[in-house]
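Notebook open, model loaded. I want to see how the first few elements pack and then check a couple of loop residues.

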Amino acid sequence: MGENTPPVSAVIPFYNEVKTVAGIAKRAAKHVDHVIVVDDGSTDGSAETLSGLNVHIVRHPVNRGKGASLLSGIDAARRLGSEFVISVDADGQHPPEYIPELLKKAEAETLVIGTRKPTTDPMPPIRRLGNRTANFFISWASGCWIYDTQCGFRIYPVSVIDRVPLHRQRRSGFVMESEVLIEACRAGYSIASVPIPALY
């Protein structure tokens, strides 16, 4: 990154993504200072595909869930001095080439979320309905409207993660991502959206 840009890490949690994780890591590396891949107990040889890449690998001996993997990655980013963490799914749903678009809105008091375009997003209808329902209830709980609460392509300021309370029992699975949004909004932080495509 540039001399005056705060350090940025991409965190890529994965569980059995042997076909895609190395490619996603390579593409993300072009846009950030550090790439942190979190192997959440994979059994398919995914970690071996990362051999020789300039990435930091965090390993969970057993599968602990996406939320726990994100928090492990954020801890690693903190140790590397990063002020912002970009979470990227390892399955190829999030184009790492859009990282610079998200970074344009990165601020210390703001979470940035990639928002899948409703008119062009090829999301299956049943999943679209589920996401709309989640958007309503999570926005209601947080007190601010969030356009795409289920997209995991995000920028987390490390300071926000340090300050918002996360329930101990909800720090492991996918619900952690929703809880961060709710608690950040309740604490007065802002949510910014950036239109992105999504691949299925």
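Below are my entries, in the order I looked things up.

**Ground rules.** I am working on a predicted model, where local features need pLDDT of at least 70, side-chain atom pairs count only at pLDDT 80 or more, and totals for chains, interfaces and linings use all residues. Numbering runs from 1 along each chain as its sequence is written, and side-chain values use heavy atoms, with hydrogens and water left out.

**Helix 1.** I took helices (H or I, at least four residues) and strands (E, at least two) as DSSP runs, numbered from the N terminus. Which residues of helix 1 are buried? For residues 21-29 I get Val21, Ala22, Ile24, Ala25 and Ala28. Buried here is under 20% relative accessible area, exposed is over 50%, and partly exposed is in between (1.4 Å probe, protein chains only). These residues sit on the same side of helix 1, because they cover an arc of only 165° around the axis; the arc is taken over the directions from the helix axis to the C-beta atoms. That fits the textbook: an α-helix has 3.6 residues a turn, so residues three or four places apart point the same way. Their cover includes strand 1 (8-14), strand 2 (34-40) and helix 3 (99-103), with contact meaning heavy atoms within 4.5 Å.

**Strands.** Strand 1 and strand 2 run parallel, joined by six bridges; pairing takes at least two DSSP bridges between two strands. I noted Pro13 with Val38 of strand 2 as its bridge partner. On its pairing with strand 3 (residues 56-60), strand 2 is again parallel, over five bridges, and Asp39 has Arg59 as its partner there. Six of the seven residues of strand 2 are buried, so the rest of the structure largely encloses this strand.

**Handedness.** Strand 1, helix 1 and strand 2 form a right-handed β-α-β unit: with the strands pointing away from the viewer, the path from the first strand over the helix to the second runs clockwise.

**Tyr15.** I found Tyr15 in the loop between strand 1 and helix 1, partly exposed at 40% relative accessibility. Leaving out residues up to four places away in sequence, Tyr15 touches Asp40, Gly41, Ser42 and Asn63. Its C-alpha is 8.0 Å from that of Thr43, 28 residues apart in sequence.

**Ser82.** Is Ser82, in the loop between helix 2 (66-79) and strand 4 (84-87), buried or exposed? Buried, at 5% relative accessible area. Its side chain makes a polar contact with that of Ser9 at 2.6 Å (N or O atoms within 3.5 Å; within protein, one must be able to donate a hydrogen and the other to accept it, and residues adjacent in sequence count only if both atoms are side-chain atoms). Among the residues Ser82 touches, not counting those up to four places away in sequence, are His34, Ala77 and Val158.
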